[in-house]
Amino acid sequence: MSIIKKNISEKGIAVVTVLGVCFVLLGLGTVLVMDSYAQMRRASKYNSDTEALILAESGVQRAIYELEDDLSWTGTSEDLGNGSYMVQVINNNLTGSTSTGTDPVIPANSIWLRSTGTVGGKFRKTVEVALTYQIISCAAMSNARMQIAGDFIFELNAIPGFEGKLHSNYNNSTDPNNIAFDIPGDPNLLVSGATFSTPGNVPTDVTNKISLAGGAVANSPAKNMPEVVYTDVKPATTVELDAKVPSIAQFKGELKNDGGILKAYCDTPLGPMWIPLNNMFGDFTPDGMTWDGATGTIKITGDRKYSHSCDPNDSLIFTDINIQVDPNANTGLFTDGNLEAHNMYLNAPFFTLASNGNITFDNTKFQIKEPVNDRGVAIFSGKDFIINTPSSPPSGGNLFRGVIYVKNGKFVLDNKCSALSADNSIKMEGLILVQNGDPNTHDGIILKNSGGNNNFKLSITYNPHLARVLNNSNSGDIQLQPVFWRIVH
């Protein structure tokens, strides 16, 4: 009997032990299952969030595609994969100035996008992106040859976020001297990180000079250049320079400073003669202009565009005359023929200068300092654009900020100043574009120093934002790129 009781007691303990172990295992299994489900939910949410973010980014890419074709595009939505995206243009600021009173503040020439990706109706991710555009990706571009000639300091760089680049499309197999870039002499090249690109030929010694200076020569396909003509640049409404001159006299296109008196060369019943614009019969100086005889300066204070209508072979000539534009004046000068400036100081913060023929700045200094966050200054030359600086530079050096467009000729910048001061410099920010170059020599851009002082410094800074002056006449695609990206939620 005792043996039977002992066996029953041991069996009961075993059953209790087994049941205890089963309950423990069941609890552990329940915890593991619950944890697995939680892990699956987290993984599913992460997967859905990631998919929603990818959809939001897809909306941004769709917007870039659409806006590069049509800058007035405002947004769209689309079902894609397991969800959808909705993308909107929140602020399209292509007016040429930083927007105010908006959140966020949009830089000039930028587009603000908001794109939301949705998966399963409840998983959402929203991104906001600032896009900026480039019409031209180079500080200077020419369909003809480029040359940096002489001993001086040449600096090529770009505003933050971009790279300094020069590009020549020249590649003429019929030219025995088929060279896209040439650097005769021994200039001090400050081109670290910059690129010289072309589909054409670059001599080995030129490649070595650029490489030793930290730059690079790249074989690159030809790049498209916006087609611009004089009529694209000239406004529909202008004020003729001779608008107030009596009909008895005919202005022949020449103005000069004669001992502090502003005179115009005219045909009259008595024959050709120089006539003071302010004389006993009245003041015939164009509206919006005043003459300061003490400094020999035409001061422009009004928002007027001035023009000289003439035969394409005739010229508008300024001699010993300075031009000073009020910082608040939106003005410009346009001539159907050639434009010549001899011994001039052009101080124009906000100015457009266009000629259907050649432009010649002879012994001319310039400071065209565009107001910050405002429209770019443009110089358009239908043929050659030649700049010869004077022996005496302005304080701060010669400055230009904007776009230079040369249609059917070459751009030549020749520094003739030999001063030892830091003012012996030229700073150019924006774009230099040469469409066709010289038909005889195949020259497009020539930068040189004839002043004899190898400490002369020429700085060219790429600023794609200033290309907005080409917007109205640009027939090519605009290149958009994100410059700021954030996940909102």
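User: Which residue takes a positive phi in the hairpin of strand 1 and strand 2?

Analyst: Happy to start there, bearing in mind that this is a predicted model. Strand 1 (residues 75-80) and strand 2 (residues 83-93) run antiparallel and are joined by 6 bridges. Between the two strands lie 2 residues, and the one with a positive phi near 60° is Gly81.

User: Which residue in strand 2 does Asp79 stand opposite?

Analyst: Asp79 falls within strand 1, residues 75-80, which is bridged to strand 2 in antiparallel fashion. Across from Asp79, in strand 2, stands Ser84.

User: Which strands stand at the edges of the open sheet of 11 strands, and why?

Analyst: Let's follow the order, which is 9-6-35-33-31-28-25-22-14-15-16, with mixed pairing. Each edge strand has a single partner strand, so one side of it is left without a neighbour in the sheet. The strands in that position are strand 9 (181-182) and strand 16 (273-276).

User: What is the bridge partner of Ile387 in strand 33?

Analyst: Good one to trace in the viewer. Strand 31 (residues 385-388) runs parallel to strand 33 (residues 411-415), and 4 bridges join them. Ile387 has as its bridge partner in strand 33 Leu413.

User: What kind of aromatic pair do Phe181 and Phe196 form?

Analyst: This is one of 8 aromatic pairs in the structure. The ring centres are 5.5 Å apart and the planes meet at 80°; an angle over 60 degrees counts as edge-to-face, so that is the class of the Phe181 and Phe196 pair. Phe181 belongs to strand 9 and Phe196 to strand 11 (residues 195-198), so the pair links parts of the chain 15 residues apart. Both residues are buried, and their pair is edge-to-face.

User: Are Tyr265 and Trp274 stacked or tilted, and what is the angle between their planes?

Analyst: Their centres are 5.2 Å apart. Tyr265 is partly exposed, at a relative accessible area of 24%, and Trp274 is also partly exposed, at 30%. The pair they form is tilted, with an angle between the planes of 50°.

User: Which residue has its charged end over the ring of Trp274?

Analyst: The ring of Trp274 also pairs with Tyr265. The charged end in question sits 4.3 Å from the centre of the Trp274 ring, and it belongs to Lys256.

User: How far is the charged end of Lys365 from the centre of the ring of Tyr345?

Analyst: For a charge to sit over a ring, the distance to the ring centre has to be within 6 Å. The charged end of Lys365 does sit over the ring of Tyr345, and its distance from the centre is 5.2 Å.

Terms used
Residues numbered from 1 in each chain as written. Predicted model: local features only at pLDDT ≥ 70, side-chain atom pairs only at ≥ 80, totals over all residues. Heavy atoms only, no water. Pairing = 2+ DSSP bridges. Phe/Tyr/Trp six-rings, centres within 6.5 Å; stacked < 30°, edge-to-face > 60°. Buried < 20%, exposed > 50% of the residue type's maximum accessible area, 1.4 Å probe, protein only. Lys NZ or Arg CZ within 6 Å of the ring centre and 35° of its normal.
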